Amino acid sequence: MERGQRSYARARNKYTNYHVNQASTLMEFLQAKMPEASRTKLKSFLSRRIVFVDKKIVTHPDYPVERGMLVQIDHNKHSNTELRSKDINVLYEDAYLIVIEKKAGILSIAVGKNKGKSAHAILNHYLKKTNHRGQALLVHKLEVDESGIMIFAKDEETKFNLQKNWKELIINHTFVGLVEGDVQEESGLNISWIDEETGKLNFSNNLETAPRDPVKAITRFRTIKKANGLSMLEFDPREDRNNKIRVQMAEMGHPILGDKKYGEFISPLKRFALHAFLIRFRHPVTKELMKFEISYPKEFRSLMMKSSENQE
């Protein structure tokens, strides 16, 4: 009986519970509830993944909280369950999916002849620390030299729902890229039918001359800046979950900077100049609206700033 009482006490003490009475951001709510804690300390709670909102781990300080939600701080969360990696950052995690930032230079997943370090393997290792059956399932890909936001599912049903209903669930999946040449259009729409058979990317803007069983790719683009023979664009693919920006820009006559297959410029960057910086989507299970945004790569901005200086 005494042992049972101790177990009950430990269970009660595991969490500090806070009930939300009015809408705000998670950081504003935590600052109001814990005024003695510095902003740095509160951010450390988020990065250590010990803050739960309605039983889901939340790591973003601007996550919206609304009246009736339950915010919990887990006092027993051990540091060895945290993900420490220079190759990926976890932006969000719940029971169904995990949203990450992948750095350039690592694979999305290692399959076939593509061997090496991958975001998929890193996440699998991380998830199995707390659950030996834990798994990360690839939903969409970024090329090895691309960087940015990716979604992985934690179960087959969530993966299937995201892939099958990608066009309905994904509201924006926005990239920034540097391309060769001065793009004249301020904005536009690329529509292509692309042949992916045997891994070869052949493209056509005319369905009559398109390859057999083509993949339709629609990408909106917007020109942000032009300098020194380069253009910075934002892209929002609208159809296919594995973007075809590289092929479409080559077809348009403005290959992505660093594209050795289609490009002509010798890139000063040691990577492919394409970065997925924003994703906004409807959660496949909870149906809530999710938004994650990270900054443009510094090397992209730096290159355009140097270009502007050279033009003066």
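The following exchange discusses salt bridges and one buried threonine in a predicted model.

Biologist: What kind of model is this?
Modeller: The model is predicted; local features need pLDDT of at least 70, side-chain atom pairs count only at pLDDT 80 or more, and totals for chains, interfaces and linings use all residues. Residues are numbered from 1 along each chain as its sequence is written, and side-chain values use heavy atoms, with hydrogens and water left out.

Biologist: How many salt bridges are there?
Modeller: The count is 11, where a salt bridge is a side-chain nitrogen of Lys or Arg within 4 Å of a carboxyl oxygen of Asp or Glu.

Biologist: Which residue does Lys154 pair with?
Modeller: Lys154 forms a salt bridge with Glu93 at 2.6 Å, N to O. The two residues are 61 apart, with Glu93 in strand S7 (residues 88-93); strands are DSSP runs (E, at least two residues), numbered from the N terminus.

Biologist: Are Lys154 and Glu93 buried or exposed?
Modeller: Both Lys154 and Glu93 are buried, that is, under 20% relative accessible area, whereas exposed means over 50% and partly exposed in between (1.4 Å probe, protein chains only).

Biologist: Changing topic, where is Thr219?
Modeller: Thr219 belongs to strand S14 (residues 215-227). Thr219 counts as buried because its relative accessible area is 3%.

Biologist: Which side chain makes a polar contact with that of Thr219?
Modeller: The partner is the side chain of Gln248, at 2.5 Å. A polar contact is a pair of N or O atoms within 3.5 Å; within protein, one must be able to donate a hydrogen and the other to accept it, and residues adjacent in sequence count only if both atoms are side-chain atoms.

Conventions
Helices (H or I, at least four residues) and strands (E, at least two) are DSSP runs, numbered from the N terminus.
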